[in-house]
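Please walk me through this structure, beginning with how some of its strands are arranged and ending with its largest pocket.

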Amino acid sequence: MRKRSWLRGLPILVLCCLLLIPHSASAELLAGVHLGYGRTTYSQVLGGKGLKNSEWSAGIWANYHHEELLFTGLYHGSLGLEGAEISRHLAHVGANYRFLEQDALQVYGGLGYQLVSTRFQTPEIHSGDRNTLTGHGFAGQVVVDIGITEEVHTSAMVMASPWATWSHGTDTSTDHDIGSGSAFLYRLEVSYEFSTDFGAHLSLVGNNFSIQGDSSINTRSNSASINLGVTRRF
């Protein structure tokens, strides 16, 4: 329950910070907070049958521009809505270089680091034991930004980690190396700046991963959520 309360309070805390922090004349930092609804599907879980669950989500993100460079950060968390103890956390940081700028189109490419963690506790898996899968690793990423008008922008970010390292934990033990697998994260967004400092954004955030190891470990999952939030320039 503490983790649920913490996740519920996170967007409110960040929203207060966005509203109260003084404006900076440089306006190179764009930050946002969002709430959303989505669904997670496990086609296979720890070598067994899969799971499906609806979820609500919350997250924060920030982009910082410096000349040809773009630094990005994102956290997105979700909690199950159908009584199952299922949660997921996604986080990434990255540095990108702008290698294409043509009219309203800007394309960045770079390197980042991402973390994926999913926790579930259901009678269908390991007799109802609490299980946590955590993957992390370096990833390549691409960011595309298109300015439709001065107020409206669209963007897409794709981050891929083909060789993430995975661990599996229970209430009594943790195996820090259960095998390798891939992890992908994407965010598609349209934003509208209704003032110099503030804006609104609608986004689709998705993630999928695959763990290949012992037959009792193999897991495949994908998730997607629709999110609505606010942004602020600093």
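How many bridges join β3 to strand β4, and do the two strands run parallel or antiparallel? In this predicted model, strand β4, which covers residues 85-102, runs antiparallel to β3 and is joined to it by 11 bridges. A point at which to find this pairing is T72, whose bridge partner in β4 is G94.

Strand β3 also pairs with strand β2, residues 51-66, again in the antiparallel sense, and here the pairing extends over 12 bridges. Within this pairing, A62 stands opposite G73 in β3. The two strands β2 and β3 form a hairpin in which two residues lie between them, and in that turn E67 has a positive phi of about 55 degrees. Strand β3 itself, residues 69-80, is mostly covered, since nine of its 12 residues are buried, where buried means under 20% relative accessible area.

From these strands we can turn to the largest pocket, which holds about 460 Å³ of space. Its lining is made up of 21 residues, and those that lie nearest its centre are L30, H65, D145, H153 and R233. Two or more lining residues come from each of β2, β3, β6 (131-147), β7 (152-169) and β8 (174-192), so that both strands of the hairpin described above reappear here among the contributors. The strand that gives the most to this lining is β7, with five residues. By character, the lining of the largest pocket divides into seven nonpolar, eight polar and six charged residues.

Notes. Residues numbered from 1 in each chain as written. Predicted model: local features only at pLDDT ≥ 70, side-chain atom pairs only at ≥ 80, totals over all residues. Heavy atoms only, no water. Buried < 20%, exposed > 50% of the residue type's maximum accessible area, 1.4 Å probe, protein only. Helix = DSSP H or I, 4+ residues; strand = E, 2+ residues; numbered from the N terminus. Pairing = 2+ DSSP bridges. 1 Å grid on protein atoms, 1.4 Å probe; cavity = no way out; pocket = protein on both sides within 12 Å on 5 of 7 lines; lining within 4 Å. Points joined across faces, edges and corners; volume = space filled by probe spheres on them. Nonpolar A, V, L, I, M, F, W, Y, C, P; charged D, E, K, R; others polar.
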